[in-house]
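Open the model in your viewer and keep the selection panel at hand. The tour below goes stop by stop.

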Amino acid sequence: MSTLSRHIESFGALLLAVIWISPLLFAFWAAFHSTSDAVNFNLSAPWTLDNFRVAWEGAPWLKYFLNTFLLVTVILIGQFIVTTLAGFAFAQVQFPGRDLVFILVLMQLFILPEVLIVENYAMVSRLGLFDTILGVGMPYMASAFGIFLMRQAFKGVPIELHEAARVEGCGWFGILWRVYVPLARPTYLAYALVSVSTHWNNFLWPLIVTNSPDTRPLTVGLSIFGAPENGVDISVISAATMMSVAPLLIAFLVFQRQFVQAFLRAGIK
Amino acid sequence: MAKHVDIERRRQAIYGWILLSPAAILLTTFAFYPSLATFWSSIFSRETRRKPSEFVGAQNYTDLFADPTFWKVVTNNLIYAGATIPISIAIALAMALWANSKIPARGFVRTAYFTPTVLPMIAAANLWLFFYTPGLGVLDQIGALFGLPSVNWLGQPETALWAVIIVTIWKEAGFFMIFYLAALQTIPEDLKEAADIEGASRWMYTRRIVLPLLMPTTLFIMVNALINSVKLIDHLFILTKGGPNDASKLILYYIWEMAFAFFDAPHAAAMTILVLFVLGVVAGIKFTILDKRTHYQ
């Protein structure tokens, strides 16, 4: 009985896994086959790279890749600087009003940038950042989530190290840079993976703030490319989709453990 | 001596505020000020070429409450939340229990579950488009094997919202799974042994011991899922554009449409304030009730 139920469970788990991965597998298969072969599930059909050629020529993908790459880099650098400074202040510096400000920061977890699109759009335009990569990235730099994460990491640093560095004549910035930042490396890595995959995938805000191929990230480019008005077919859209998810997907498959750990570290506060 | 302490304290305060200033400036610019500005613009009328904007009080809100589309969208969002949250949590729990037990091909199973999480929602929508395409799509082809007629999943009001809901569940369940997986690994082995000695069945052990121990994780996931049910709308842009007949339109999509397609900022602002209010209530519940009862480290 027990072995039977075990077999049933294994089967259920595998079945669910196959169902879960099937949209991706199908798109992968469609991307390498002609449209009619793809929709007819012609398993003996020849493989082809034509769809990739057509998709590649259909949009400035290289530019989109570069924009996405720049965007996640700009956001990450901004987040590292802002959240390190703020996290350190909240963890190790005593000053009046700190707890109140911390509550304000935590409130931002619920004031989603996604919900404030209208006013943030007005703000970005006012600052002259409309249709710039900085404009897409800036609202995400002071991430409350990141500040919270850094605060937790810095709180775990033994005060003896802090004192020792101080005795050695290190200033505040020196202590932060030489003691706290190196010790928080795992947190930085986890935060970086979560941040990069979030912003690599972000769509709504870049859609609003970008207006030209020069700034548009992959997700927005992909949505324009895939619009039915363009009359592109299943195989070509699959090829474009595969192209745009490939870097992150490959990174995920190679560094799977780190990715999962990162989401975990970042999620469990 | 006292003076020295005083100077030190003042110096700390200055350092503190200097360190905080980048975050404070950015948060004010992109979160706090926009929230207030949204409220402000929600109590003024729309500026047109003939009429300048003027104070209208709650008019924009009463307009919304009288607008059947608004209620349609709110209902849709409630159905969307009401379906995606429990179903994705239930699937995530099943996934975690399986991925944590000794089954063959465990590595593949875990990867398969988690992969949708790292894909952009826009790409996910593209993949699913082929499942839903009438006639050619995978769903219809499978249906045809069983002699079922072709269904326009995205094109008819009865199924459009559900098609969107399924994509969301597919995207989220694997993400929630990892939190359960982590929680499961903290449950001590001897609890299982004790249950075995007592002769408790696996189902009994799961229901009486595992599930209660997972409660804090479930609450954490629920808050996240609730926020996501407002936030996750990217696939609408590819799959349905809120249609047909607003059947799959969700509140954030409606805000976007109101502001950037109909250029009606005041009504978009009023809706934004209502969403912020709801999120504020969720935040209040989380910080006051849940955080006292749960204990993430």
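A pocket here is an open set of grid points, with protein on both sides within 12 Å along at least five of seven lines. Keep in mind that the model is predicted.

**Stop 1: the largest pocket**

Begin with the largest pocket, whose volume is about 930 Å³. Select Leu97(B), Ser101(B), Lys192(B), Arg202(B) and Tyr205(B). Of the 26 lining residues, these lie nearest the centre of the pocket. Now colour the elements that give two or more residues to this lining. From chain A, that is helix H1 (2–31). From chain B, take helix H3 (68–100), H7, helix H8 (189–197) and helix H9 (202–213).

Which element gives the most to the lining of the largest pocket? Select H9(B): its share is 6 residues, the most of any element. Then colour the lining by class. You should get 12 nonpolar, 6 polar and 8 charged residues.

**Stop 2: the largest cavity**

Next, go to the enclosed spaces. How many cavities of 30 Å³ or more does a search of the whole structure find? The search finds 3. The largest cavity holds about 1300 Å³ of space.

To find its centre, select Val194(A), Thr198(A), Asn224(B), Asn228(B) and Lys231(B). They lie nearest that centre among the 43 lining residues. Both chains supply elements with two or more residues in the lining. In chain A, show helix H8 (144–155), helix H11 (185–201) and helix H15 (256–267). In chain B, show H7 and helix H10 (215–231). H11(A) gives the most, with 7 residues. By class, this lining has 23 nonpolar, 13 polar and 7 charged residues.

**Stop 3: the second largest cavity**

Now select Gln108(A), Pro113(A), Pro139(A) and Ala142(A), then add Leu26(B), Leu27(B), Phe30(B) and Ala31(B). These residues line the second largest cavity. About 40 Å³ of space lies inside. Is the lining nonpolar or charged? It has 7 nonpolar residues, 1 polar and no charged ones.

**Stop 4: H4(B) and H7(B)**

Turn to helix packing. Two packed helices are described by the angle between their axes and the distance between the axes.

Select residues 106–118 of chain B for helix H4, and residues 157–185 of chain B for helix H7. Their axes come within 6 Å and cross at roughly 125 degrees. H4(B) and H7(B) are therefore oblique to each other. The crossing of H4(B) past H7(B) is left-handed.

Show the side chains at the contact. On H4(B), pick Arg110(B), Tyr113(B), Phe114(B), Pro116(B) and Thr117(B). On H7(B), they meet Trp170(B), Lys171(B), Gly174(B), Phe175(B), Met177(B), Ile178(B), Leu181(B) and Gln185(B). This contact divides into 8 nonpolar, 3 polar and 2 charged residues.

**Stop 5: H9(A) and H10(A)**

Finish in chain A. Select helix H9 (residues 159–167) and helix H10 (residues 172–183) of chain A. The two axes come within 10 Å and cross at roughly 155 degrees. That angle makes H9(A) roughly antiparallel to H10(A). H9(A) passes H10(A) in a right-handed crossing.

Which residues of H9(A) and H10(A) meet? On H9(A), select Leu161(A), His162(A), Ala165(A) and Arg166(A). On H10(A), their partners are Ile175(A), Val179(A), Tyr180(A) and Leu183(A). By class, the contact has 6 nonpolar, 1 polar and 1 charged residues.

Definitions and conventions:
Residues are numbered from 1 along each chain as its sequence is written. Chains are lettered from A and ligands numbered from 1 in the order in which they are written. This is a predicted model: local features need pLDDT of at least 70, side-chain atom pairs count only at pLDDT 80 or more; totals for chains, interfaces and linings use all residues. Side-chain values use heavy atoms; hydrogens and water are left out. Axes are lines fitted to C-alpha atoms, for helices over the stretch in contact, and angles run from 0 to 180 degrees between N-to-C directions. Helices (H or I, at least four residues) and strands (E, at least two) are DSSP runs, numbered from the N terminus. Angles under 35 degrees count as roughly parallel, over 145 as roughly antiparallel, 65 to 115 as roughly perpendicular and the rest as oblique. A crossing is left-handed if the near helix is turned anticlockwise from the far one by less than a right angle, and right-handed if clockwise. Contact means heavy atoms within 4.5 Å. Ala, Val, Leu, Ile, Met, Phe, Trp, Tyr, Cys and Pro count as nonpolar, Asp, Glu, Lys and Arg as charged, and the others, Gly among them, as polar. On a 1 Å grid over the protein atoms alone, a cavity is a set of points where a 1.4 Å probe fits but cannot get out, and a pocket is an open set with protein on both sides within 12 Å along at least five of seven lines; lining residues have an atom within 4 Å of a point. Grid points are joined across faces, edges and corners, and a volume is the space filled by probe spheres set on the points.
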